[in-house]
Amino acid sequence: MSERKSPLKVIPAVSEDQLVQVLADLLKRCSQEALDRQGKFSVGLSGGSLIQLLTKALKLGSFNTDKWVFFFCDERYVPLDDGESTYGAYKAEWQTHLPGIRETQFVRADPTKSLDDCAAEYEAKVKDQVGCGCLPQFDLLLLGMGPDGHTCSLFPEQPATLQETKRLVIPIRNSPKPPPERITFTLPLINNARDVTFVVTGAGKASVVKRVFVDLDKEFPAAWVNPKQGQLTLIVDGGAGKEIGAL
Ligand SMILES: O=C(O)[C@H](O)[C@@H](O)[C@H](O)[C@H](O)COP(=O)(O)O
């Protein structure tokens, strides 16, 4: 077990409605702080169940999102119109439910480039648009966690990815979860964010939630998320939080 740089804030939710409300409250606080500070709000998105939960939270909050910019903490290396694309999934969902969000507010990866170039170019986009010296600082990263303890596209089977110190976005080959090729944020970028929030649901993840967030078991990539100065938050439902006494 190793120390956290800042205390973990656990927010349990008894129902999906409550979880969506918690997420909306978080977005309200983080966006307000960012807009007051720099007139722009940079958010890193993840895929999976977060897509629909976030969509519901954005609808609930009725936010003015004009100055919000959306990045991808990881992305599958597939064409943008492929059913597996995380960007594609957000685009489809938000076109229907949040038509006020413009396509230009997404900072997308370019899968027409080679995988290495795609990752390097995405890093350049992050540096250019999030800025703040040589190590960009996101206002908020929204992360999911798989039952294997992966987060972003940092998988337990590929521990070398956790040792990256220079590159902020790296290519992933042979991902244990399909599709095999991806790009992902690395720990230096993730751990430099002002707010990092995991949203984890389902009883199937209860034991890994305990091993990651209580035991800080470094076997699991999610346990390496430890913001240097930022706030780490875990939003869980009753199932995912049941072994940490969250509810
Ligand atoms: O690219 C992917 O394969 C997914 O984005 C994946 O990394 C997901 O974020 C986690 O597995 C958590 O997903 P759930 O919240 O749906 O379990």
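Here are questions and answers on a predicted model of one chain with a ligand.

Me: What kind of model is this, and how are its residues numbered?
Reply: Residues are numbered from 1 along each chain as its sequence is written. The model is predicted: local features need pLDDT of at least 70, side-chain atom pairs count only at pLDDT 80 or more, and totals for chains, interfaces and linings use all residues.

Me: What is the mean pLDDT of the chain?
Reply: pLDDT is the predictor's confidence in each residue, from 0 to 100. In this chain, 98% of the residues reach 70 or more. For the complex, the predictor gives an ipTM of 0.97 and a pTM of 0.97. The mean pLDDT of the chain is 96.

Me: How many helices and strands are in the chain?
Reply: Both are DSSP runs, numbered from the N terminus: helices are H or I with at least four residues, strands are E with at least two. The count is six helices and nine strands.

Me: What is the radius of gyration of the chain, and why does it agree with a compact globule?
Reply: The radius is taken over C-alpha atoms, and the globule rule is 2.2 Å times the number of residues to the power 0.38. The C-alpha atoms fill a box of roughly 45 × 40 × 35 Å along the principal axes. For 247 residues the rule gives a value near 18 Å, so the chain agrees with a radius of 17 Å.

Me: What share of the contacts with a separation of 6 or more is between residues 24 or more positions apart?
Reply: Two residues are in contact if their C-beta atoms, placed from the backbone, lie within 7 Å. Among contacts with a separation of 6 or more, the share from residues 24 or more positions apart is 75%.

Me: What percentage of the residues is buried?
Reply: Count the other C-beta atoms, placed from the backbone, within 10 Å of a residue's own: 20 or more is buried, 12 or fewer is exposed, and in between is partly exposed. Of the 247 residues, the buried part is 41%.

Me: How do the residues of the shell around the ligand divide?
Reply: A residue is near the ligand if its C-beta atom, placed from the backbone, lies within 6 Å of it. The shell includes Ser-46, Asp-74, Arg-76, Met-145 and Lys-177. Ala, Val, Leu, Ile, Met, Phe, Trp, Tyr, Cys and Pro count as nonpolar, Asp, Glu, Lys and Arg as charged, and the others, Gly among them, as polar. The split is two nonpolar, seven polar and three charged.

Me: What length does helix α1 reach?
Reply: Helix α1 covers residues 16–38, 23 in number. The expected span is 1.5 Å times one less than the number of residues, which comes to 33 Å here. Its buried residues include Leu-19, Leu-23 and Ala-34. From first C-alpha to last, α1 reaches 32 Å.

Me: Which residue just after α1 takes a positive phi?
Reply: The helix ends at residue 38. Just after the helix, phi is about 70° at Gly-39.

Me: Is Cys-152 buried or exposed?
Reply: Cys-152 sits in the loop between β5 (140–143) and β6. Phi there is near 50°, a positive value in a residue other than glycine. Because 30 other C-beta atoms lie within 10 Å, Cys-152 is buried.

Me: Is Ser-62 buried or exposed?
Reply: Ser-62 lies in the loop between α2 (50–61) and β3 (68–72). Its phi is positive too, near 40°. With 9 other C-beta atoms within 10 Å, Ser-62 is exposed.

Me: Which residue does a cis peptide bond join to Pro-178?
Reply: Omega of the bond is about -5°. The partner is in the loop between β6 (169–172) and β7 (182–185). The residue joined to Pro-178 is Pro-179.

Me: Which residues does Val-199 touch, not counting those up to four places away in sequence?
Reply: Val-199 is in strand β8, residues 195–200. Val-199 is buried, with 27 other C-beta atoms within 10 Å. The residues touched are Leu-23, Leu-50, Leu-53, Leu-142, Gly-144 and Ile-235.

Me: How many Å apart are Arg-4 and Trp-224 in space?
Reply: Arg-4 is in the segment before β1 (9–13). Arg-4 counts as partly exposed, with 13 C-beta neighbours inside 10 Å. Arg-4 and Trp-224 are 220 residues apart in sequence, yet C-alpha to C-alpha the distance is 9.6 Å.
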